[in-house]
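Q: Please take a close look at one part of this structure: a pair of neighbouring strands in the sheet, and one residue there. After that, describe what lies around this part.

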Amino acid sequence: MKKVEAIIKPFKLDDVREALAEIGITGMTVLEVKGFGRQKGHTELYRGAEYMVDFLPKVKIELVIQDELVERAIEVIVETAHTGKIGDGKIFVTDVERVIRIRTSEENEDAV
């Protein structure tokens, strides 16, 4: 099993969720996060004063899925979240050693 973490622009969340559901991925965790990469933030005007916004709002999607779904999930996220502009996001894939469903004590693939 793998954990796929995707950091994307917030307005792309619904499109990505729907696209993942179409390939059979329905379970996910979504977090509102802030960060920056090459964008380096931006300046905004508030009450006549300009100030620097270092951390930009993003959404982080976390999936724990079977190995055979990983490549298709990555393709779907890239296709759906892509705008072609800086700040589209990143995807991280890591190994998951063990999963336990608390309610039933099922483990690994049965727990996902």
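**A strand pair and its surroundings**

A: In this predicted model, strand S2 and strand S5 (residues 56–65) run antiparallel and are joined by seven bridges. In general, strands of a sheet pair through backbone hydrogen bonds, and the pairing can be parallel or antiparallel. One place to look within this pair is Thr29, which stands opposite Glu62 in S5.

Glu62, a residue of strand S5, is worth following further. Is Glu62 buried or exposed? Its relative accessible area is 18%, and the limit for buried is under 20%, so Glu62 counts as buried. The side chain of Glu62 makes a polar contact with the side chain of Lys60, at 3.5 Å. If neighbours within four places in sequence are left aside, Glu62 is in contact with Lys3, Val4, Glu5, Met28, Thr29 and Leu31. Thr29, the residue opposite Glu62, is therefore also on the list of its contacts.

The pair belongs to a wider sheet. Four strands make up this open sheet, in the order S2-S5-S1-S6, with antiparallel pairing. Strand S2 (29–35) and strand S6 (89–95) are at the edges; each has a single partner strand, so one side of each has no neighbour in the sheet. Direction ignored, neighbouring strands of the sheet are turned by 20° against each other on average.

Two helices lie across these strands. Helix H1 (residues 13–22) lies across strand S1 (2–8), S2 and S5, and runs at about 10° to S5. The strand pair described at the start is thus among the strands that H1 lies across. Helix H2 (residues 67–81) lies across S1, S5 and S6, at about 5° to S1.

The helices also pack on each other. The angle between H1 and H2 is about 150°, and their axes are 9 Å apart. Their crossing is right-handed. On the side of H1, the contact is made by Asp15, Val16, Ala19 and Leu20, and on the side of H2 by Ala73, Val76, Ile77, Thr80 and Ala81. Of the residues in this contact of H1 with H2, seven are nonpolar, one is polar and one is charged.

After the helices comes a loop. The loop between H2 and S6 holds Thr83. Thr83 has a relative accessible area of 29% and is partly exposed, whereas Glu62 is buried. Apart from its neighbours within four places in sequence, Thr83 is in contact with Lys9, Phe11, Lys12 and Asp88. With one of these, Asp88, Thr83 makes a polar contact between side chains, at 2.4 Å. Lys9 is 74 residues from Thr83 along the chain, and their C-alpha atoms are separated by 9.3 Å.

Last, the chain as a whole. It has two helices and six strands, and along the sequence they follow the pattern β-α-β-β-β-β-α-β. Of the 112 residues of the protein chain, 29% count as buried, and Glu62 is one that does. Among contacts between residues at least 6 apart in sequence, 69% join residues at least 24 apart.

Methods:
Residues numbered from 1 in each chain as written. Predicted model: local features only at pLDDT ≥ 70, side-chain atom pairs only at ≥ 80, totals over all residues. Heavy atoms only, no water. Pairing = 2+ DSSP bridges. Axes fitted to C-alpha atoms, helices over the stretch in contact; angles between N-to-C directions. Contact = heavy atoms within 4.5 Å. Buried < 20%, exposed > 50% of the residue type's maximum accessible area, 1.4 Å probe, protein only. Polar contact = N/O pair within 3.5 Å; in protein donor to acceptor, adjacent residues only side chain to side chain. Left-handed = near helix turned anticlockwise from the far one by under 90°. Nonpolar A, V, L, I, M, F, W, Y, C, P; charged D, E, K, R; others polar.
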